[in-house]
Amino acid sequence: MNILITGPAGSGKGTMSEKILKRYAIPHISTGDMLRKAIQQQAPYGIEAKKHMDNGLLVPDEVIHQIIEARLKEKDLNNGFLADGYPRTLPQAEKFDTILNGLGKKVDAVINLTIEFEVLAERITGRRLCPSCGAIYHTKNKPSQSDDVCDVCGSKLIQRSDDTVEQLKVRLEEHRKNTEPVLKHYRAQGIVHDVNAALDMDTVFKNICAIIEGLQ
Ligand code: AMP
């Protein structure tokens with residue numbers, strides 16, 4: 001089973017991806033991870049990608065095409081995969097389909113995590129991070145025991161500078177603008193499954209599992 005997962009920042013996409021990978025033991029295709037690795041290794045396309053990533057922009061499609069083509073031919077993907085953060089634009093989706101087609105494969109399902117702005121705003125603006133040990137809290141859903149102090153290491157908690165409603169609006173609009181054509185492309189194939197990501201994590205995961213198991 002070849003699955004894509006998409007959803008805006010704060011929708012729980014990272015957590016759900018981890019759970020899917022673990023439960024179904026399928027490999028992960030993450031262009032974000034591949035780009036970060038290329039930057040670390042100072043590969044030529046990593047240097048090009050970094051300029052865009054540092055400015056919060058998408059990396060050009062040609063760069064993504066280059067890195068993904070070789071990856072899709074690797075043998076570990078023969079029994080399926082979970083693609084996360086890819087394809088992010090319509091040309092990427094078209095290229096993806098063409099490469100898969102050439103390999104006798106196709107995308108079986110797109111899991112689209114949906115969440116209302118208000119829910120996302122509450123999740124994101126209440127988020128607090130520990131700058132020393134990386135622990136994550138939420139003022140309402142997972143408060144630290146003592147106001148603004150990390151339970152693990154005692155450091156003062158911070159709020160990420162882009163965890164604001166204004167930044168959230170920008171990020172969501174960017175996500176919507178890029179993802180909509182990709183979703184439209186896959187909706188025409190009848191393979192998009194909208195999943196309500198505002199529910200509790202266990203229920204979201206249960207609903208995703210029902211979709212995946214319906215494919216087998
Ligand atoms: P991610 O880890 O998926 O959130 O990706 C981190 C950053 O890498 C994004 O903000 C983009 O700048 C870049 N990136 C990752 N995947 C893609 C993609 N498929 N197309 C364009 N840019 C990407």
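Where along the chain is D148 found? The answer comes below, after a short account of the model and its overall form.

The structure is a predicted model, in which local features need pLDDT of at least 70 and side-chain atom pairs count only at pLDDT 80 or more, while totals for chains, interfaces and linings use all residues. Residues are numbered from 1 along each chain as its sequence is written, and side-chain values use heavy atoms, with hydrogens and water left out.

Eight helices and seven strands make up the secondary structure of the chain; these are DSSP runs numbered from the N terminus, with helices being H or I over at least four residues and strands being E over at least two. The chain has a radius of gyration of 18 Å, close to the 17 Å given by the globule rule for 216 residues, so it is as compact as a globular protein of that length. Here the radius is taken over C-alpha atoms, and the rule is 2.2 Å times the number of residues to the power 0.38. Along its principal axes, the C-alpha trace spans about 55 × 40 × 30 Å.

Of the 216 residues, 43% count as buried, a label that means under 20% relative accessible area, with exposed meaning over 50% and partly exposed in between (1.4 Å probe, protein chains only). About 11,900 Å² of the chain is exposed, and carbon and sulfur atoms supply 51% of that area; the areas come from the Shrake-Rupley method with a 1.4 Å probe, and for residues only the protein chains shown count as cover. Contacts (heavy atoms within 4.5 Å) reach far along the sequence: among those between residues at least 6 apart, 70% join residues at least 24 apart. There are 29 positive and 29 negative side chains, and the centres of the two sets lie 3 Å apart. In this tally Lys and Arg are positive and Asp and Glu negative, with His and the chain ends not counted; each charge is placed at NZ of Lys, CZ of Arg, CG of Asp or CD of Glu.

Next come the aromatic rings. A pair of aromatic rings is described by the distance of the centres and the angle of the planes. Rings of Phe, Tyr and Trp (its six-membered ring) pair if their centres lie within 6.5 Å; planes under 30 degrees apart count as stacked, over 60 as edge-to-face and the rest as tilted. This rule gives two aromatic pairs. In one, the ring centres of F81 and F96 are 6.0 Å apart and the planes stand at 55 degrees, so the pair is tilted. This pair links distant parts of the chain, with F81 in strand 3 (residues 81-84) and F96 in helix 5 (residues 90-102), 15 residues apart. Both partners are buried: F81 has 1% relative accessibility, and F96 has 0%. In the other pair, Y86 and F96 have ring centres 4.9 Å apart and planes at 75 degrees, so the arrangement is edge-to-face. Because Y86 lies in the loop between strand 3 and helix 5 and F96 in helix 5, the pair ties together parts that are ten residues apart in sequence. Y86 is also buried, at 2% relative accessible area. Ring pairs thus link F81, Y86 and F96 into a cluster.

The backbone has some notable spots too. Most residues other than glycine have a negative phi, and most peptide bonds are trans. Y86 and P87, however, are joined by a cis peptide bond with omega of about -10 degrees, and P87 sits in the loop between strand 3 and helix 5. A25 has a positive phi, near 45 degrees; A25 lies in the loop between helix 1 (13-24) and strand 2 (28-30) and counts as exposed at 67% relative accessibility.

To return to the opening question, D148 is found in the loop between strand 6 (136-138) and helix 7 (165-187). D148 has a positive phi near 60 degrees and is partly exposed at 33% relative accessibility. D148 is also one of the residues touched by R128, a set that includes A135, I136, Y137 and L157 and leaves out residues up to four places away in sequence. R128 itself belongs to strand 5 (residues 127-129) and is buried at 18% relative accessibility. The C-alpha atoms of R128 and K156 are 9.8 Å apart, with their positions 28 residues apart along the chain.
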